[in-house]
Protein chains: 2
Amino acid sequence: MADRGGPAAAGVRELVAAARRGQPRAVARLISLVENAAPQLRAVMAELAPHTGGARVIGLTGSPGVGKSTCTSALVGAYRRAGLRVGVLAVDPSSPFSGGALLGDRVRMSEHALDPGVYVRSMATRGHLGGLAWAVPQAVRVLDAAGCEVVLVETVGVGQSEVDIAAQADSTVVLLAPGMGDGVQAAKAGILEVGDLFVVNKADRDGAGTTVREVRYMLGLGAPRAPGDWRPPVVRTVAARGEGVDELVAALDKHHGWLTEHDELTARRTRRAAREVETIALTALRARLAAPAGDHRLAGLADRVRRGQLDPYAAADTLVEELTAG
Amino acid sequence: MADRGGPAAAGVRELVAAARRGQPRAVARLISLVENAAPQLRAVMAELAPHTGGARVIGLTGSPGVGKSTCTSALVGAYRRAGLRVGVLAVDPSSPFSGGALLGDRVRMSEHALDPGVYVRSMATRGHLGGLAWAVPQAVRVLDAAGCEVVLVETVGVGQSEVDIAAQADSTVVLLAPGMGDGVQAAKAGILEVGDLFVVNKADRDGAGTTVREVRYMLGLGAPRAPGDWRPPVVRTVAARGEGVDELVAALDKHHGWLTEHDELTARRTRRAAREVETIALTALRARLAAPAGDHRLAGLADRVRRGQLDPYAAADTLVEELTAG
């Protein structure tokens, strides 16, 4: 991979400046630094910090096959027509056979490939460190500081980590499609509760009405709402033909307005920052465990746990004690 | 939930003894303690530790719809016919609408419902603490200590956390089915690399041969193997009719033999224990962050990060310093 490695620490400032001028190659290099957990990230993030906070972050999630990429692409088009700069992070679980996401940046979003106002990136995590929870917020930071006014984060809505990522947005869109096992499948996947907005995509197909009703019914089963609370709307789209996309954009704007009015935007962003800081801190602590001394100690404890001579809590106590004693 | 809460610490020994005598209600209560992250777990795990290590742990994973539950059920039948006690953990992402897994214990595995030699449990995690990575190994411990000779851990093969869980087994089975997007979908989901054995289920359907060839091809793309290395077999099954299940059991036995012969079983189990200890330790550290003092500190740092006054690494440094200073 050409992007692997990265600049000397001295070059960080220059790279960040280039990214802020909107140079796609500089943005790409910064995100590669995130993917590779490069040591320069610390300096990069210090440079970026004052320039963040301008982007609206929108999460999109849903089961495989509901049309997430198509819907993301349609949203990109809508925001571009409104004159906004748009960043897209498509989170794909990686495969060691491809060394990255199989459906790469070139396949996705090809219609926006030549638009300099759009930055699209497929992210793969290689299971190192904190994984998605560690990498994605930092990649969002890069796009935010690079001047993207909207950042779309698309993740597959099956899996604890993946759903969590989409939920760490200002607004989270949950996509469904008729005949995909419908709402019950979404409930099983635990994604209903993270949705600020629901989209029933492929709404020209049989069963779309049933899916809409199921989602409304399940949303109604949740806790009773107070007046002024946000009521998640259910929007019908046929994203492949652009139908319903304006309605989705309008619903997103309405949600953004609600967030701002109720001070919820600040609260959400503070919570997101807290999660980000916490994940970096825990990853640093885990790295201490993995350092030669810690690793040797852990292996010794694990061996005793395997033999049944020690229970895992007692072993963890020992580990935490040693970690926090220094 | 009747199981919520739990016994006084004094009753732990008795509860563990009852579980070891194979009382299903005692096993159920212990696993509920795990799900609820009850404070008694520490005492429970200390009691259980000397009685663990007897179970063969088999992970099963695959995309939704490949027939994981059917295949798991068929394996349960095969192991029961061999006279073994079997435990099953089916990991379902939870929904707050159901307060647990939607497809509960009664729906799954109904054919084994009255067999006292089988313990089936659907596990839901509510996103607290370390989630699946924290809860599942402890639930496996309960089943192991309760005398299950085989423990099957079934997880949906989409999602970083879920795939990780299935990979923390002695033997990991990756299930595919024809026409499910085939092998490419599995590669995308990052599950090919965790498989010790591959099953193409629903092998009576069109395209089964293509799926088998695709998997073999992709496995061939991996690193070249040394002589004596394990070569993952690809087994065809029609689990719903029991076809190919004996072959799968034979392949699992062969893998178990290979693990034992190459000292790989001990190595894997030590690694699994290390992950378990590490997760408990990190969860304990995270709990310190979430305790009132830590939480207040983190909120203050997060607010400065949100405003762009502080970068997340500098904030994490402060947090780690305070955490390890005490």
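In this predicted model, the side chains of A:R268 and A:E264 meet in a salt bridge whose closest N and O atoms are 3.7 Å apart. Both residues belong to helix α10 (residues 264-290) of chain A, and because they are four residues apart there, about one helical turn separates them. A:R268 has a relative accessibility of 17% and therefore counts as buried.

A salt bridge can also join parts that are distant in sequence, as with B:R121 and B:E35, where the N to O distance is 3.2 Å. This pair links strand β3 (residues 118-123) of chain B, which holds B:R121, to helix α2 (residues 24-35) of chain B, which holds B:E35, across 86 residues. B:R121 is buried at 6% relative accessibility, and B:E35 is likewise buried at 6%. Returning to chain A, salt bridges with shared partners connect A:D196, A:E264, A:R268 and A:R271 into one network. Over all chains, the count of salt bridges comes to 35.

Aromatic rings offer another kind of contact, and two such pairs are counted over all chains. A:W230 and A:W258 form a tilted pair, with 6.0 Å from centre to centre and 50° between the planes. A:W230 lies in the loop between α8 (208-220) and β7 (234-236) of chain A, while A:W258 sits in helix α9 (residues 245-261) of chain A, so the pair ties together parts that are 28 residues apart in sequence. A:W230 is buried, with a relative accessible area of 14%, and A:W258 is buried at 18% relative accessibility. In chain B, B:W230 and B:W258 form a tilted aromatic pair, at 6.0 Å centre to centre and 50° between the planes.

Definitions and conventions: Residues are numbered from 1 along each chain as its sequence is written. Chains are lettered from A and ligands numbered from 1 in the order in which they are written. This is a predicted model: local features need pLDDT of at least 70, side-chain atom pairs count only at pLDDT 80 or more; totals for chains, interfaces and linings use all residues. Side-chain values use heavy atoms; hydrogens and water are left out. Rings of Phe, Tyr and Trp (its six-membered ring) pair if their centres lie within 6.5 Å; planes under 30 degrees apart count as stacked, over 60 as edge-to-face and the rest as tilted. Helices (H or I, at least four residues) and strands (E, at least two) are DSSP runs, numbered from the N terminus. Buried means under 20% relative accessible area, exposed over 50%, partly exposed in between (1.4 Å probe, protein chains only). A salt bridge is a side-chain nitrogen of Lys or Arg within 4 Å of a carboxyl oxygen of Asp or Glu.
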